[in-house]
Amino acid sequence: MTYVYRFGGGVSDGGKGDRNLLGGKGANLAEMASIGLPVPPGFTISTDFCAVYYDEGGQFPQGLRDEVATGIAHIEGITGKRFGDAADPLLVSVRSGARASMPGMMDTVLNLGLNDQTVEGLAATSGDARFAWDSYRRFIQMYADVVLELDHDAFEEALEIAKEDRGYFLDTDLTADDLRELVAEYKGLVEQQWGKPFPQDVHDQLWGAVGAVFGSWQSERAKVYRRLNDIPASWGTAVNIQAMVFGNMGDTSATGVAFTRDPAKGDRAYYGEFLINAQGEDVVAGIRTPQYLTTAAREAAGAKPLSMEEAMPVVFAELSKVFDLLETHYRDMQDIEFTVQQGKLWMLQTRSGKRTAKAALKIAVDMAEEGLITREEAVQRIDPAALDQLLHPTLDPKATRDVLTKGLPASPGAASGHAVFDSDTAEKRANAGDSVILIRTETSPEDIHGMHAARGILTARGGMTSHAAVVARGMGRPCVSGAGSISIDAKAGVMRVGTREIREGDMVTIDGTTGEVMAGEVPTVQPELSGDFAALMVWADGVRRLKVRANAETPLDAKVAREFGAEGIGLCRTEHMFFDAQRITDVRQMILAEDEAGRRAALDKLLPEQRSDFVQLFEVMAGLPVTIRLLDPPLHEFLPHEEAEFAEVARSAGIDIDVLKRRAAELHEFNPMLGHRGCRLGVTYPEIYEMQARAIFEAAIEVAVKSGAAPIPEVMIPLVGTARELELMKAVVDKAAEAVFADPKYGNGGSRIEYLVGTMIELPRACLMAGEIAEAAEFFSFGTNDLTQTTLGVSRDDAARFLTTYVERGIYARDPFVSLDVEGVGQLIGMAAERGRAARPGIKLGICGEHGGDPASIAFCETTGLDYVSASPYRVPIARLAAAQAALAQKG
């Protein structure tokens, strides 16, 4: 098997279609070389070898070593330099490259091939001793960190002391002699910490770096990123080995990162940063605050250092042409890394750029309007889950703001939270329910878990393309970076801005749209969704087949759902209405009653309240279907526990408190989730479902008469496992409906409305018996939360203790309570759908669990042929877009 694929010098063994084999970076390097762009020559070790590397215990077979030697010879032949040659050495970079972009999550080594002999050769051939020793210093520091896994801070501290001792502020102030001394100190640190001298054999260096990059695929930060972004561990990473080009060869050299459009807002304007006399890691790591690419961006920011357009006009003009070529070639916004070596432009990477949801919408819509892509492609370009970013609040413009400082607006949106200064604390406090803002001097890939836990991120260093900015945008977290006026003492847990102090736990607010950092909590306002969002949703609605409803039981939720395009309510949980403080006593009286008469007395109090609930819902959803689940939860959830609660029920019901306590003890269950709940309540106490059904039909007729647009109630019987249960409960509902239709108080008697009676399929037995159940059911709604619990035999409330491990170990691809277990639960749903339709061809089928807002689960619903999905109100737009993408995928 071949593992090495070359690129550059007129050779391209791969191209953009080989992403799975070569990773995104390797495929795009080969593609750029094939279309004539200036790409330093190199080769890629394919993703196939990643699995071999782990299977072989981190060893490299002779066959791969021979292929790599051929790859090195390819680079030598094009550059005219030889690897390890003391007189004119070839230096290489070693970088990762998975098929899915994972910015900053895996390792890179630059300047590989330097040792005590080759550094002198580099100094002689370049004519710049300072550059050579700076490159060697960088190489030792990076190799010690990435490959040898030594203490990175010790090397940073040595660098800072070297500058302080000489009165310097910038790394670039250090002379060649200064750097020679620093290299000696670095080598001493390696020997002290590692117990051996720094490796001088360039081939040992190379294989150490290749192993480290493959090894970083299983680093903790990479695992976390894959879990958050649903990237399978089986994909592996490629390794790219490429001739070095140098941005640190003086004032005619530079390095930068650029986007062909604004990744935060989506505007059609070049966006990016560069540094003169620097290497790429300086830009993305936020070690130095970079300069702007364009004059317009510099002027808008009020920055003084010259933009690249001003400092290097000839190279910038060439770069602009490359931007346009790549965007047209890939038909998407590109994220590009480049280096300028003594006035010559080199392209180091291109990939589809990470972007905010707002930018993604604008870019997709603009490109469709420009004719670069079709409208259907525009719909497919947007990650449905990313729309969540657009649904979050922004700061109230009328609110008072105590602005501490201003940094760079790195990722839009606003957030308030308790200040925390390390990622472990951020995760711990977030898990405890606190909102937190993660404040760091600069973030690193090790902060991924804290960034995910935080509501927002604030850094003192770094630019708009720093690690913090890129990752925050991908996560949809607000971020302010490069707030240079703040000083952070993470150990002491304090941030200082002038004379002000923010200590751990203090409330702070950041605005990632303006860059402002504020003390205290600032009120927010809800976003308005229009423009590009509205256009894309129209296009999506034009191609989707699945209807999208909302899970809602309050008028506010229903209004939000309608604003987001919901086509009805797919799940109204009536028990949520009973927890209201004004009526919980009546509910408890009903539950604790010893006979039907006592229950009916309490239900008579609840009927007008329940009718009012439904009137408000039906008014919002006039003319649309509303699926109402009759009372479902275990009775223990309503029972009183405190002495005062028992006293309140006793007073209301006129019953002795000791009688109530005895009755509560009788109702105790050992496993209430599988106990007296759902339709079992209706079978034993049919008067409960009778009251609810009457309230539904009274409310529906009232709204129909007032508005002229009758809602379509769909009465759902929960937790059915047998056809007989449904038959009994349907008879109760139908009898209540007929009584209301004949009641002179409602539409002068004789008024009727359309309604359906169906069931929630949430037990494996119900799936197996779906054919029989469908003879009585006019619809099935798959309650995938409980269906997952009962199929897997796993409690959703307790599963967090082990499900993460199960996902990491490959037992489940994803948390089955987040994304449907298609192989197991999905098979039951498919069986139930098939059997239900065979018995009743027109039966309506939907899904109403949390999976109704998960794009992967929605794709399953499309392939299974369900009629609708129902999601929480704020996930309705996500479901609409996911349903459109699922329909397009089915078309092929």
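**Reading helix packing, a kink and a buried loop residue**

User: In this predicted model, at what angle do the axes of helix 4 (residues 118-126) and helix 5 (residues 129-146) cross?

Analyst: Two packed helices are described by the angle between their axes and the distance between the axes. Here the axes of helix 4 and helix 5 cross at roughly 145 degrees and come within 8 Å, and the crossing is right-handed.

User: Which residues of helix 4 meet which residues of helix 5?

Analyst: From helix 4, V119, E120, L122, A123 and S126 take part, and they meet A129, F131, A132, W133, S135 and Y136 of helix 5. By class, this contact has eight nonpolar, two polar and one charged residues.

User: How far apart are the end C-alpha atoms of helix 1 (residues 19-34), and where is its kink centred?

Analyst: The end C-alpha atoms of helix 1, which has 16 residues, are only 15 Å apart, short of the 22 Å that a straight helix would reach at 1.5 Å a residue. A kink of about 80 degrees is centred on K25, and K25 is itself buried, as are its neighbours G24 and G26. Helix 1 is mostly covered, with 12 of its 16 residues buried, and just after helix 1, G36 takes a positive phi of about 90 degrees.

User: Why does A776 count as buried?

Analyst: A776 counts as buried because its relative accessibility is 11%, under the 20% cut-off. This residue lies in the loop between helix 30 (770-773) and strand 32 (779-782), and, not counting residues up to four places away in sequence, A776 touches L726, E727, K730, V757 and R840.

Terms used. Residues numbered from 1 in each chain as written. Predicted model: local features only at pLDDT ≥ 70, side-chain atom pairs only at ≥ 80, totals over all residues. Heavy atoms only, no water. Helix = DSSP H or I, 4+ residues; strand = E, 2+ residues; numbered from the N terminus. Expected span 1.5 Å × (residues − 1). Bend = angle between axes of the 7 residues up to and from the residue. Buried < 20%, exposed > 50% of the residue type's maximum accessible area, 1.4 Å probe, protein only. Axes fitted to C-alpha atoms, helices over the stretch in contact; angles between N-to-C directions. Left-handed = near helix turned anticlockwise from the far one by under 90°. Contact = heavy atoms within 4.5 Å. Nonpolar A, V, L, I, M, F, W, Y, C, P; charged D, E, K, R; others polar.
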